[in-house]
Amino acid sequence: MEKGYLLGQITISDKSHYKLYDSKIGNVIEKFGGRYLVKGGLRMVKEGNPSFQRDVLVEFKDIETAQRFFSSQQFKEISKFRKAGSSGFLLLLNGKN
């Protein structure tokens, strides 16, 4: 079975709103069996000009679980804090084992 991934790239504009999101999202990810592979940290740009400042990569057991996470009421409820405190994008990706 192929893994599912959530890839996000963001720029934080309001740390207080983003901290509310960040304090809650880990529990929701865990509830769906996800785990962070990347959450901020060192970034070494080798080519191009990324337009966002922070990278996040979350692994799920499959793309269906990643979709259930993304569609969940829990995620939707706390996403308002992320949207109020940052700009960027989120992608769901189907990966290989």
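In which sense do E1 and E3 pair, and over how many bridges? I looked this up first, bearing in mind that the model is predicted.

**Strand pairing**

I found that E1 and E3 run antiparallel, with 7 bridges between them. Within this pairing, I noted that isoleucine 10 has arginine 54 of E3 as its bridge partner. I then turned to strand E4, residues 86–94, which is joined to E1 by 9 bridges, again in the antiparallel sense. Here I recorded glutamine 9 opposite phenylalanine 89 of E4.

**Internal space**

I next searched for enclosed space. Rolling a probe the size of a water molecule over the atoms shows where empty space is left. I found 1 cavity of 30 Å³ or more in the structure. For the largest cavity I noted a volume of about 140 Å³. I counted 16 residues in its lining, and those nearest its centre are Tyr18, Tyr21, Val56, Arg82 and Leu90.

Which elements each supply at least two residues of this lining? I listed strand E1 (4–12), helix H1 (15–31), strand E2 (35–39) and strand E3 (54–60). H1 contributes the most, with 5 residues. I also sorted the lining of the largest cavity by class and obtained 10 nonpolar, 2 polar and 4 charged residues.

**Aromatic rings**

I searched the whole structure for aromatic pairs and found 6. For phenylalanine 32 and phenylalanine 69, I entered a distance of 5.9 Å between ring centres and an angle of 75° between planes, so this pair is edge-to-face. Phenylalanine 32 belongs to the loop between H1 and E2, and phenylalanine 69 to helix H2 (residues 63–71), so the pair ties together parts 37 residues apart in sequence. I marked both phenylalanine 32 and phenylalanine 69 as buried.

I compared this with phenylalanine 70 and phenylalanine 75, whose ring centres are 5.2 Å apart and whose planes meet at 40°, so I classed the pair as tilted. Is phenylalanine 70 buried or partly exposed? I entered phenylalanine 70 as partly exposed, because its relative accessibility is 33%. Phenylalanine 75, by contrast, has a relative accessibility of 3% and therefore counts as buried. I then traced the ring pairs further and found that they link Phe32, Phe60, Phe69, Phe70 and Phe75 into a cluster.

**A charge over a ring**

Finally, I looked at tyrosine 36. I noted lysine 39 over the face of this ring, at 4.8 Å from the ring centre.

Key:
Residues numbered from 1 in each chain as written. Predicted model: local features only at pLDDT ≥ 70, side-chain atom pairs only at ≥ 80, totals over all residues. Heavy atoms only, no water. 1 Å grid on protein atoms, 1.4 Å probe; cavity = no way out; pocket = protein on both sides within 12 Å on 5 of 7 lines; lining within 4 Å. Points joined across faces, edges and corners; volume = space filled by probe spheres on them. Helix = DSSP H or I, 4+ residues; strand = E, 2+ residues; numbered from the N terminus. Nonpolar A, V, L, I, M, F, W, Y, C, P; charged D, E, K, R; others polar. Phe/Tyr/Trp six-rings, centres within 6.5 Å; stacked < 30°, edge-to-face > 60°. Buried < 20%, exposed > 50% of the residue type's maximum accessible area, 1.4 Å probe, protein only. Lys NZ or Arg CZ within 6 Å of the ring centre and 35° of its normal. Pairing = 2+ DSSP bridges.
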